[in-house]
Amino acid sequence: EKGLLEAMEKGVLAGFPVVNLAADLFDGSYHAVDSNELSFKLAAKIAYKEGLPNAMPVILEPVGTLVARIPEHIVGDVIGDLNKRRGKVLGMNPDEENPIFTIVEAEVPQSEMANYTIALRAMSQGRGSYDFDFVRYEEVPMNIAQKIIEEAKKKAEYNARIEEVNEAFEKAYKLRDRLVADYGEYYYFHRFDNLDSVFKELFGI
């Protein structure tokens, strides 16, 4: 169980934590010498990595309830903007305290709310206000999920490349120290006058 819980911290689609996962263990064995906690955790992680893609996982996103108080004459603009943000309008009612204002209620993905304060201020000329509260998680539409997965893949490839470069730097610095220790600084600075020379000779990059 510990191995599975640790594995669930990183999903197989885009690296996000996994929720609502159920796993059944149908068979197992124990060896007096080779069986230990680390081995069982590793087995659970391998099963997770190989099995989860076959379970058709999806990406979830937080969705919240938006309650906007806006001048009545910009209701159309606000609803149009919410539609662009993948929002679902739940209802509209006159503001009991001020009849020239309208209360618009909608559900909107939290990811679409990043610049809503600026947008609403512009549409209402600073007269509109809103509250937004998290409600639940919902499945991300397929086209958006694909973009998220592609971006996560690019990020992972970039991070892997950075790791390779860092390792190359570490090897280069170790070589520098060895050359200085064996031949003195004169040899080092004339043999490898810059890091490009080191990388090309040692690592082919």
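This text walks through strand 1 of a predicted model, starting from its pairing and ending at two neighbouring residues.

Begin with the strand itself. Strand 1 covers residues 60-71. On one side of the pairing is strand 4, residues 129-139. The two run antiparallel and are joined by ten bridges. One point to find on screen is Pro-62, which stands opposite Tyr-137 of strand 4. Strand 1 also pairs with strand 3, residues 101-109. That pairing is antiparallel too, over nine bridges. Here Val-63 has Pro-109 as its bridge partner.

Now turn to Glu-61, which lies in strand 1. Is Glu-61 buried or exposed? Its relative accessibility is 9%, so Glu-61 counts as buried, because the cut-off for buried is under 20%. What does the side chain of Glu-61 meet? It makes a polar contact of 2.8 Å with the side chain of Arg-86. Leaving aside residues up to four places away in sequence, Glu-61 touches Arg-86, Pro-109, Ser-111, Arg-136, Tyr-137, Glu-138, Val-140 and Pro-141. Two of these names have come up already: Pro-109 is the bridge partner of Val-63, and Tyr-137 stands opposite Pro-62.

Next, Leu-60. This residue is also placed in strand 1. Leu-60 has a relative accessible area of 35%, so it is partly exposed. Leu-60 helps to make a nonpolar surface patch of about 480 Å². The other members are Val-19, Val-58, Phe-134 and Tyr-137. Tyr-137 thus links the parts of this tour: it belongs to the patch, touches Glu-61 and sits across from Pro-62.

Notes. Residues are numbered from 1 along each chain as its sequence is written. This is a predicted model: local features need pLDDT of at least 70, side-chain atom pairs count only at pLDDT 80 or more; totals for chains, interfaces and linings use all residues. Side-chain values use heavy atoms; hydrogens and water are left out. Helices (H or I, at least four residues) and strands (E, at least two) are DSSP runs, numbered from the N terminus. Buried means under 20% relative accessible area, exposed over 50%, partly exposed in between (1.4 Å probe, protein chains only). A polar contact is a pair of N or O atoms within 3.5 Å; within protein, one must be able to donate a hydrogen and the other to accept it, and residues adjacent in sequence count only if both atoms are side-chain atoms. Contact means heavy atoms within 4.5 Å. Patches are made of residues with over 30% relative accessible area and no salt bridge: like charges are joined within 9 Å, nonpolar side chains (Val, Leu, Ile, Met, Phe, Trp, Tyr) within 5 Å. Accessible areas come from the Shrake-Rupley method with a 1.4 Å probe; for residues, only the protein chains shown count as cover. A salt bridge is a side-chain nitrogen of Lys or Arg within 4 Å of a carboxyl oxygen of Asp or Glu. Two strands pair if DSSP finds at least two bridges between them.
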